[in-house]
Amino acid sequence: GLKIEYIYVVEPNAEHVSELHSTLGSLGTEHNVSSSFFNTEFQFEESKCDKFDFILFAHSLYGFEDPHRAVLYATKFLKPGGKMLIFNQGEGATAAIFSYLMDRSDPKIFSPSKCIGDHSLTAEKIISQLEEDPSGLIISTIRERSYEDVDDFVRRVDTPQTNYKIDFSLQAEYERLSKEMQNHIYKMVAENCDVIEGRFQWRHWTIGIVASFEV
C-alpha cells in the first residue's frame, strides 16, 4: 500500500493547528504544521524537505486572494512526476447564491469583504484558468456528488437548526435578508435538492482537479 513518510501542513487558523498535530500524530507519520499563510512569499519553516510527491488543496482556495497564482506557486514545490490535487465545489446552487448576494445584498447584511472565502469560486473557473496558462500543467478531473440534509429548511419547519446550513453556505443570516431575497434563495436551494429516504437533500458537486507536469 501507500507509505507516507512525511507530511507538511499549512494551516493559518490557530484553532485547527493543535487538532492537526493530534490527528497527524495518531498516524505515526513524521510531520510539521505551519501557521503561516500560503502565498507567493511563502517559505518552508523547519521542513524536512522543500519538494513533495503530492500537494493537496482541500476546499481552501476560496480563502485565497488570488487562487490561480497560489496554485502556480505551489507547483514549484512538486518533485518531478509529482501531482497536485485540488478539491473545490463545482458549479451549482451555492456558487450561484453567493454571486447573487454579491450583486444584490445590503452590505450591512452581506459583504464579500467580511466573508472568510469567495464561494462563487468554482472548479470550472479554476480549470479554465489553468488550461489557459502557459505553464504546461496537465489537467484531469474527477467528480463526486454529495448532499446536505436541508429537509427542515425546505419544509419550513421552525427549529433552532433550520437555517444553519443555509447561513453557513451564505456566510450571512438568511432571516436578515429581504423577503424577495429569501424567496429567491429558497427556490434555488429547493430546485437543487433530491428527495432521499423521504428527506430533502441539497445536491452539491465536488470536483477533484489533478494537476501535474509531463515528465
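Start with the whole chain in cartoon: you should find seven helices and seven strands. This is a predicted model, so keep that in mind as you click around. Follow the ribbon from the N terminus and the elements run β-α-β-β-α-β-α-α-β-α-α-α-β-β. The C-alpha trace spans about 55 × 40 × 40 Å along its principal axes. Colour by accessibility next: of the 215 residues in the chain, 40% are buried. If you draw contacts between residues at least 6 apart in sequence, 71% of them join residues at least 24 apart.

**Stop 1: the largest nonpolar core**

Select Phe-38, Ile-55, Phe-57, Leu-61, Met-84, Ile-86 and Ile-209 and show them as sticks. In the largest nonpolar core, which has 27 residues, these touch the most other members. Now bring up β1 (6-10), β3, α2 (67-74), β4, α4 (123-132) and β7, each of which supplies at least two residues of this core.

Stay on Phe-38 for a moment. What does it touch, leaving aside neighbours within four places in sequence? Its contacts are Val-10, Phe-57, Phe-64, Ala-70, Tyr-73, Ala-74 and Phe-77.

There is also a second, separate core, made of 23 residues; select Leu-170, Tyr-174, Cys-193 and Trp-202 to see some of its members.

**Stop 2: Asn-88**

Go to strand β4 (residues 78-89) and pick out Asn-88. Is Asn-88 buried or exposed? With a relative accessibility of 0%, Asn-88 is buried. Look for what its side chain meets: a polar atom there lies 3.1 Å from the backbone oxygen of Leu-121. Then show everything Asn-88 touches, again skipping residues up to four places away in sequence. The list takes in His-59, Leu-61 and Tyr-62, then Leu-121, Thr-122, Ala-123 and Ile-126, and finally Trp-205, Thr-206 and Ile-207. You have already met one of these, Leu-61, among the residues picked out in the largest core.

**Stop 3: helix α7**

Select residues 179-191, which is helix α7. Put a distance between its end C-alpha atoms and you get 18 Å; its 13 residues, at 1.5 Å a residue, should span 18 Å, so the two agree.

Now colour the helix by burial. Met-181, Gln-182, Ile-185, Tyr-186, Met-188 and Val-189 are buried. Turn the view to look down the axis of α7: the buried residues fall within an arc of 165°, so they line one face of the helix. The spacing has a simple background: an α-helix has 3.6 residues a turn, so residues three or four places apart point the same way. On the other side of α7, look for Lys-179, Glu-180, Lys-187 and Glu-191, which are exposed.

What covers the buried residues of α7? Show α3 (93-104), α5 (151-154), α6 (164-170), β6 (193-196) and β7, which are included in that cover.

**Stop 4: salt bridges**

Side chains of opposite charge can pair when their charged atoms come close. In this chain the count comes to seven salt bridges. Here are three to visit.

- Glu-30 and Lys-48: their side chains meet at 3.4 Å, N to O. Glu-30 is in strand β2 (residues 30-34) and Lys-48 in the loop between β2 and β3 (52-58), so this pair ties together parts 18 residues apart in sequence. Glu-30 is partly exposed at 44% relative accessibility, and Lys-48 is exposed at 51%.
- Asp-53 and Lys-79: this salt bridge has an N to O distance of 3.7 Å. It links distant parts of the chain, with Asp-53 in strand β3 and Lys-79 in strand β4, 26 residues apart. Asp-53 counts as exposed at 53% relative accessibility, while Lys-79 is partly exposed at 35%.
- Asp-149 and Arg-199: the closest N and O atoms are 2.7 Å apart. Asp-149 belongs to strand β5 (residues 137-149) and Arg-199 to strand β7 (residues 199-213), so the pair ties together parts 50 residues apart in sequence. Asp-149 is partly exposed, with a relative accessible area of 27%, and Arg-199 is partly exposed too, at 34%.

Before you leave that last pair, add Asp-151 and Arg-155 to the selection. Salt bridges with shared partners join Asp-149, Asp-151, Arg-155 and Arg-199 into one network.

Terms used
Residues are numbered from 1 along each chain as its sequence is written. This is a predicted model: local features need pLDDT of at least 70, side-chain atom pairs count only at pLDDT 80 or more; totals for chains, interfaces and linings use all residues. Side-chain values use heavy atoms; hydrogens and water are left out. Helices (H or I, at least four residues) and strands (E, at least two) are DSSP runs, numbered from the N terminus. Buried means under 20% relative accessible area, exposed over 50%, partly exposed in between (1.4 Å probe, protein chains only). A polar contact is a pair of N or O atoms within 3.5 Å; within protein, one must be able to donate a hydrogen and the other to accept it, and residues adjacent in sequence count only if both atoms are side-chain atoms. Contact means heavy atoms within 4.5 Å. A salt bridge is a side-chain nitrogen of Lys or Arg within 4 Å of a carboxyl oxygen of Asp or Glu. The expected span of a helix is 1.5 Å times one less than its number of residues. The arc is that of the directions from the helix axis to the C-beta atoms. A nonpolar core is a set of buried Ala, Val, Leu, Ile, Met, Phe, Trp, Tyr and Cys residues joined through side-chain atoms within 4.5 Å.
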